[in-house]
Amino acid sequence: MYIIENEKIGLKQYTYDDEYDMYMCWQDIDTQKGYNFILTESFDEFKDDDITKFKFWVVIVNKKTNEKVGVIRLGLDEKCPDLAIWMYPQYRNQGYGTNAFKLALSYIFNNYDYKEISAGCYEDNIYSIKMLENIGFIRHPEGDEKETNIFTNKETTQLEYRIKK
């Protein structure tokens, strides 16, 4: 069932059956702020995305309760893909993200030919910064991107981090 697991969580392949949970996560304003993105699509439009184009897209499952707690997906860049996480609102700041990122990195580095993985977050996302640094990601300022925060209309910076195999 799980492609990789530890004592707390398991990661299982994301399927079209998981689309509704992911869509509901995007309905959360904190999710939208975390990605500087406002979702305007209907569920029917949202679920039309081709999930098969991603090599690694998994659901994070709490093994004790069998509840889905979030999703992790590896981007499409072949040289240094971005590892992104969406934690469902009621499971944030409980260690699931850190556990899932560690498991995902272990799986990716052991099963794919990537030498380096990137991850990013906005400069005001203290929880994500702490998680990435605790896991061993190193700041990669050359990859930072300045943009306008669509919620505040102020300039913000998406910080890039990288970790090597």
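Begin by selecting Glu160, which is found in strand E9. The model on display is a predicted one. With a relative accessibility of 14%, Glu160 falls under the 20% limit and therefore counts as buried. Show its side chain together with that of Arg162: a polar contact of 2.6 Å joins the two. Next, display the surroundings of Glu160. Leaving aside residues up to four places away in sequence, Glu160 touches Ser118, Ala119, Ile138, Arg139, His140, Gly143 and Asp144.

**The partners of strand E9**

Extend the selection to the whole of E9, residues 155–164. Which strand is joined to E9 by seven bridges? That strand is E6, and the two run antiparallel. Two bridge partners can be picked out here. Ser118 stands opposite Arg162 in E9, and Arg162 is also the residue whose side chain makes the polar contact with Glu160. Ile117 has Ile163 of E9 as its bridge partner.

Now select E6 by itself, residues 116–122. Is this strand mostly covered or mostly open? Six of the seven residues of E6 are buried, so that the strand is mostly covered.

Move next to strand E7, residues 138–139. Two bridges join E7 to E9, again in an antiparallel arrangement. Arg139 is paired with Tyr161 of E9; Arg139 is also one of the residues that Glu160 touches.

Continue to strand E8, residues 145–148, which is joined to E9 by four bridges and runs antiparallel to it. In this pairing, Glu147 stands opposite Thr156. Follow the chain from E8 into E9 to inspect the hairpin, which has six residues between the strands. Asn153 of this hairpin takes a positive phi near 65°.

**Helix H5 and its two sides**

Select helix H5, residues 126–135, and colour Ile129, Met131, Leu132 and Ile135, which are buried. These residues lie on the same side of H5, because they cover an arc of only 165° around the axis. On the other side of the helix, Ile126, Tyr127, Lys130 and Asn134 are exposed. What covers the buried residues of H5? The covering elements include helix H4 (96–111) and the strands E6 and E9 already visited. Just after H5, select Gly136, which takes a positive phi of about 120°.

**The nonpolar core**

In soluble globular proteins, nonpolar side chains tend to be buried together. The largest nonpolar core of this model has 50 residues. Select Leu11, Phe56, Ile72, Leu83 and Phe101, which have the most contacts inside this core. Helix H4 supplies the largest share of the core, nine residues.

Centre the view on Ile72. Which residues does Ile72 touch, not counting those up to four places away in sequence? They are Phe56, Trp57, Val58, Ile60, Leu83, Ala84, Ile85, Ala100, Phe101 and Ala104.

**Aromatic pairs**

A search of the whole structure finds 14 aromatic pairs. One of them is formed by Tyr20 and Phe43, which meet edge-to-face, at 5.5 Å centre to centre and with 80° between the planes. This pair links distant parts of the chain: Tyr20 lies in helix H1 (residues 19–27) and Phe43 in helix H3 (residues 43–46), 23 residues apart. Tyr20 has a relative accessibility of 46% and so counts as partly exposed. Phe43 is also partly exposed, with a relative accessible area of 25%.

For a second pair, select Tyr35 and Trp86. How are these two rings arranged? Their centres are 5.3 Å apart and their planes stand at 10°, so the pair is stacked. Because Tyr35 lies in helix H2 (residues 29–35) and Trp86 in strand E5 (residues 83–87), the pair ties together parts that are 51 residues apart in sequence. Trp86 is buried, with a relative accessible area of 4%, whereas Tyr35 is partly exposed at 30%.

To finish, return to Tyr20 and Phe43 and add Tyr23 and Phe46 to the selection: these four residues form one aromatic cluster.

How values were computed. Residues numbered from 1 in each chain as written. Predicted model: local features only at pLDDT ≥ 70, side-chain atom pairs only at ≥ 80, totals over all residues. Heavy atoms only, no water. Buried < 20%, exposed > 50% of the residue type's maximum accessible area, 1.4 Å probe, protein only. Pairing = 2+ DSSP bridges. Polar contact = N/O pair within 3.5 Å; in protein donor to acceptor, adjacent residues only side chain to side chain. Contact = heavy atoms within 4.5 Å. Arc of directions from axis to C-beta. Core = buried A, V, L, I, M, F, W, Y, C linked by side-chain atoms within 4.5 Å. Phe/Tyr/Trp six-rings, centres within 6.5 Å; stacked < 30°, edge-to-face > 60°.
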